[in-house]
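Trainee: Could you show me how to read a protein model, one feature at a time?
Mentor: Gladly! Let's look at it together.

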Amino acid sequence: MLLLRRYLVAGLLVWLPLVAVYLVVRTLVRWMDSSLLLLPLQYRPETLLGTTIPGLGVLLSLLILLFTGLVAANLFGRKLVRLWERLLARIPLVRSVYSAVKQLVETMFSDNGDSFRKVVLVEFPRRGLWTLGFLTSADVGEAQQKTGCEVLNVYIPTTPNPTGGYFVMVPKEEVQELEMSVDDGLKMLLSMGAIVPPPAKPEDELAQAEAKP
């Protein structure tokens, strides 16, 4: 029975990650394939070829993104974007959602930003209990003045679904930055602590210290 159990666990370790990757990729491909609905019916693959080819929507989505970026990056495109944003700013609910999402995307994809690039350790939800979080920003605006101390914005995701969580402002002296990467932090959260990355080796810490200005 022990030998049978070992073989079953070994099989699960092979197939479960593959199935998870397959399901995620299939969902993304199906979602991006919906961009084919933007084409007129007579120009869709199922009309021209008589069959549906999975993945063509991914190519079309990438082409749309590249073309949009190409247009938005030049002077004329920037003027169009500003005009479009001024129009959206006149719609009460839309302007709030649009501006919030735009600022979030700009922050996350900025090359020189620190948002979601550091894993931290904070006491949450009470003293004595520790959890992983991600540093989102050190700029808290008016809240910085009201708290009377220097605080940091930290996002604490729930597990095993990291898309939901809590946003907390934690005093800087109570935030402990970890050496683990964001990928390792996500693995630890998704596995509910079953996957624990090894601590940084002394030579790794030395190399990181030398790399810092």
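**Reading the sheet and its surroundings**

Mentor: Let's begin with one pair of residues: Leu 135 stands opposite Val 154 in β3. Before we go on, this is a predicted model, in which local features need pLDDT of at least 70, side-chain atom pairs count only at pLDDT 80 or more, and totals for chains, interfaces and linings use all residues. Residues are numbered from 1 along each chain as its sequence is written, and side-chain values use heavy atoms, with hydrogens and water left out.

Trainee: How many helices and strands are there in the protein chain?
Mentor: Helices (H or I, at least four residues) and strands (E, at least two) are DSSP runs, numbered from the N terminus. Here the protein chain has eight helices and five strands. Along the sequence they follow the pattern α-α-α-α-α-β-β-α-β-β-β-α-α.

Trainee: In what order do the strands of the open sheet lie?
Mentor: Strands of a sheet pair through backbone hydrogen bonds, either parallel or antiparallel. Two strands count as paired if DSSP finds at least two bridges between them. In this model, five strands form an open sheet in the order β4-β3-β2-β1-β5, with antiparallel pairing. Strands β4 and β5 (176–177) stand at the edges with a single partner strand each, so one side of each has no neighbour in the sheet. As for β3, it pairs with β2 over three bridges and with β4 over seven bridges. One partnership across β3 and β4 joins Pro 157 to Gly 165.

Trainee: Which residues of β3 are on one side, and which on the other?
Mentor: In a regular strand the side chains alternate between the two faces of the sheet. In β3, Val 151, Asn 153, Tyr 155 and Pro 157 are on one side, while Leu 152, Val 154 and Ile 156 are on the other. Both faces are covered, as these residues are all buried. Buried means under 20% relative accessible area, exposed means over 50%, and partly exposed is in between (1.4 Å probe, protein chains only). For strand β3 (residues 151–157), that makes seven of seven residues buried. Across the protein chain, 19% of the 213 residues count as buried.

Trainee: How many aromatic pairs does the count come to?
Mentor: Rings of Phe, Tyr and Trp (its six-membered ring) pair if their centres lie within 6.5 Å; planes under 30 degrees apart are stacked, over 60 edge-to-face, and the rest tilted. The count here comes to one aromatic pair. The ring centres of Phe 124 and Tyr 166 are 5.5 Å apart and their planes are at 45 degrees, so the pair is tilted. This pair links distant parts of the chain, 42 residues apart: Phe 124 is in the loop between β1 (119–123) and β2 (130–137), and Tyr 166 is in strand β4 (residues 165–171). Phe 124 is partly exposed at 23% relative accessibility, and Tyr 166 is partly exposed at 48%.

Trainee: Where is Ser 191 found, and what does its side chain reach at 2.9 Å?
Mentor: A polar contact is a pair of N or O atoms within 3.5 Å; within protein, one must be able to donate a hydrogen and the other to accept it, and residues adjacent in sequence count only if both atoms are side-chain atoms. Ser 191 is in the loop between α7 (182–190) and α8 (202–211). Its side chain reaches the backbone oxygen of Lys 187 at 2.9 Å. A polar atom of that side chain also lies 3.3 Å from the backbone oxygen of Met 188. With a relative accessible area of 17%, Ser 191 is buried.
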